[in-house]
Each structure stands twice: as structure tokens, then as C-alpha cells.
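Thanks for asking me to look this one over. Here are my notes, in the order I would read them at the bench with the viewer open.

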Amino acid sequence: MVNSKFLFNKLIVLSLSAAALSVGIQQQATAEVVANLSNSAIAVQRSTSETKLPNLGTPELPPLGEPFRYIPQEPKPAVNPIEEVHLVLKLRERRVYVYRQNKVQASFPVAVGKGGWETPTGNFKVIQMIKDPVWQNPWTGELIPAGPDNPLGSRWMGFWTDGKNVIGFHGTPNPESIGAAASHGCVRMFDKDAQALFEKVAVGTPVIVEH
């Protein structure tokens, strides 16, 4: 036999527990609703904030192989046209070479000094340039004006002197001597070649004479 009073008390406890459970469930449901609303509000706020961000676009990166468009460079020194060109006269070859930035740009056949009047070797510079020069005979003092009979041709480019005599490149009315050791130290050229060389050099252009 079960005590009815005990059962009544148990029923009361169960009723209270059920009521408490119902209240707890309602509170949990309310909290979930509030949490869902709060999350929705946050999501809406985030969405609103994101739509308000400015479109910065993709930053422009320097293309591969073109860094100089974006990296400041030191200015390059101007190229001195006199130093850019130099001449190399090779006596054995009877030929003069025109170099520009250490690359051969042209070469011309020449005649060089004969025995006892050898063309001097060494490093020199063009010291004198004359179009249509007048030649003075070193033995008689006779002056030969510019023209087809002038021993210097139409162009003169001196590069060596002892203070009295001068040696240089020049044209000649005797083209048959080109390729031989035939001069008194000067470097004879076909007249058209002397004219072409004249346009490639300036006073100060280095001249290297080698055997």
C-alpha cells in the first residue's frame, strides 16, 4: 500500500518540476530567438558595412622584365663623341680600323712609312684636321695648293708631331702606293677613304698605331 499523502507530495513536486521545465524551455526558446535576431542583425550590419566599402580595385604591378619603368635610375653620363670613336692603325696589315664603342665600324687600306721613315707606333690623338690642305715641300719650301696634284689629297688628319714635323692620315694622288710601305711616315689613303674617315673623327679622337 502506498501512502496517499506521500503521493500527493510527489505530485506537487512533479507539477512544480514540470512547471519549472516549461519555464526553462520557454526561456531557452526565447534566448534562441533573441540570439537568432541578434545574429541576423549582425549579418545585416556586416552586409551593410561590406557594401559601403570602396572598390579599391587590383593594384597595378610592374610587368616582368620592365623594372626600369618603376625604379628610379641614376642618369647616365652623356657619351663624348670624341671618346666614343678611336682608330687602330695596324702597320703589318696596311689597314686602319675605326672603332665605335669597341666595335669595328669601318676599315680602310693604307700606305705606311718606308724603311728609315717608319710610321711611329704608340698611343696618339688627332691634333689637326684640314679640308683641302696646302702642302709645303719640306726640302724646298715650295707650296702646293689644294687640288688634284696636292700630295695630301683633299683631307688631312695629323696625329703625331715632334714640334717641327707632323705625321697624319691623308689622301694621295698616287693610289697605286696604297698597301705598300711608301711614304715618309704619313699614312696615305685613297682620297674617297680619307674623306670618309674625316667625317668619322674629330680633334681629340684616340689613334693607336700597332706593328
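1. A word on naming before we start: helices and strands here are DSSP runs, with at least four residues for a helix and at least two for a strand, numbered from the N terminus. Counted that way, the protein has three helices and 12 strands. Please keep in mind that this is a predicted model.

2. How confident is the predictor? The mean pLDDT of the protein is 78, and 61% of the residues reach 70 or more. Over residues 1-23 the pLDDT stays under 50, and for that stretch the model has one contact beyond four places in sequence. Where pLDDT is low, the predicted coordinates should not be read in detail.

3. Now the overall packing. The protein has 211 residues, and 26% of them count as buried. If you take the contacts with a separation of 6 or more, 56% of them are between residues 24 or more positions apart.

4. On to the interior: which residues have the most contacts inside the largest nonpolar core? They are F169 and L197, in a core of 27 residues. At least two core residues come from each of strand 1 (85-90), strand 2 (95-100), strand 3 (103-113), strand 8 (155-161), strand 9 (166-171), strand 11 (187-189), helix 3 (191-198) and strand 12 (206-210). Strand 3 gives the most, with four residues. As general background, nonpolar side chains in soluble globular proteins tend to be buried together.

5. L197 is a good residue to click on. Setting aside neighbours within four places in sequence, L197 is in contact with L87, V98, F108, M157, F169 and M189. The list includes F169, the other residue named with L197 for the most contacts inside the core.

6. M157 deserves its own point. This residue lies in strand 8. Is M157 buried or exposed? M157 has a relative accessible area of 1%, so it falls under the 20% cut-off and counts as buried. Beyond residues up to four places away in sequence, M157 touches Q128, M129, G168, F169, A194, L197, F198 and V201. For A194, the C-alpha to C-alpha distance from M157 is 8.7 Å, with their positions 37 residues apart in sequence.

7. I130, in strand 5, makes a useful companion to M157. The C-alpha atoms of these two residues are separated by 6.7 Å, and they are 27 residues apart along the chain. I130 is partly exposed, at 31% relative accessible area, whereas M157 is buried. Leaving out neighbours within four places in sequence, the contacts of I130 are S154, R155, W156 and F198. F198 is also touched by M157.

8. A charged residue to check is D193, found in helix 3. Its relative accessibility is 8%, and because buried means under 20%, D193 counts as buried. Apart from neighbours within four places in sequence, D193 is in contact with F108 and P109. F108 also appears among the contacts of L197.

9. What is the volume of the largest pocket? It comes to about 930 Å³. Of the 28 residues lining this pocket, W135, Q136, P138, V166 and C186 are the closest to its centre. Strand 5 (128-131), strand 6 (135-136), strand 8 and strand 9 each give two or more residues to the lining, and strand 9 gives the most, with three. By class, the lining has 15 nonpolar, 10 polar and three charged residues. Strand 8 and strand 9 also supply residues to the largest nonpolar core.

10. Two loop residues have backbone angles that you may want to inspect. Q101 has a phi near 50°, a positive value in a residue other than glycine. Q101 lies in the loop between strand 2 and strand 3 and is exposed, with a relative accessible area of 52%. D132 also has a positive phi near 50°. Its place is the loop between strand 5 and strand 6, and D132 is partly exposed at 46%.

11. Last, a look at R92, in the loop between strand 1 and strand 2. R92 counts as exposed, at 67% relative accessibility. Its C-alpha atom is 9.7 Å from that of G179, although the two residues are 87 apart in sequence.

Terms used
Residues numbered from 1 in each chain as written. Predicted model: local features only at pLDDT ≥ 70, side-chain atom pairs only at ≥ 80, totals over all residues. Heavy atoms only, no water. Core = buried A, V, L, I, M, F, W, Y, C linked by side-chain atoms within 4.5 Å. Buried < 20%, exposed > 50% of the residue type's maximum accessible area, 1.4 Å probe, protein only. Contact = heavy atoms within 4.5 Å. 1 Å grid on protein atoms, 1.4 Å probe; cavity = no way out; pocket = protein on both sides within 12 Å on 5 of 7 lines; lining within 4 Å. Points joined across faces, edges and corners; volume = space filled by probe spheres on them. Nonpolar A, V, L, I, M, F, W, Y, C, P; charged D, E, K, R; others polar. pLDDT = per-residue confidence, 0-100.
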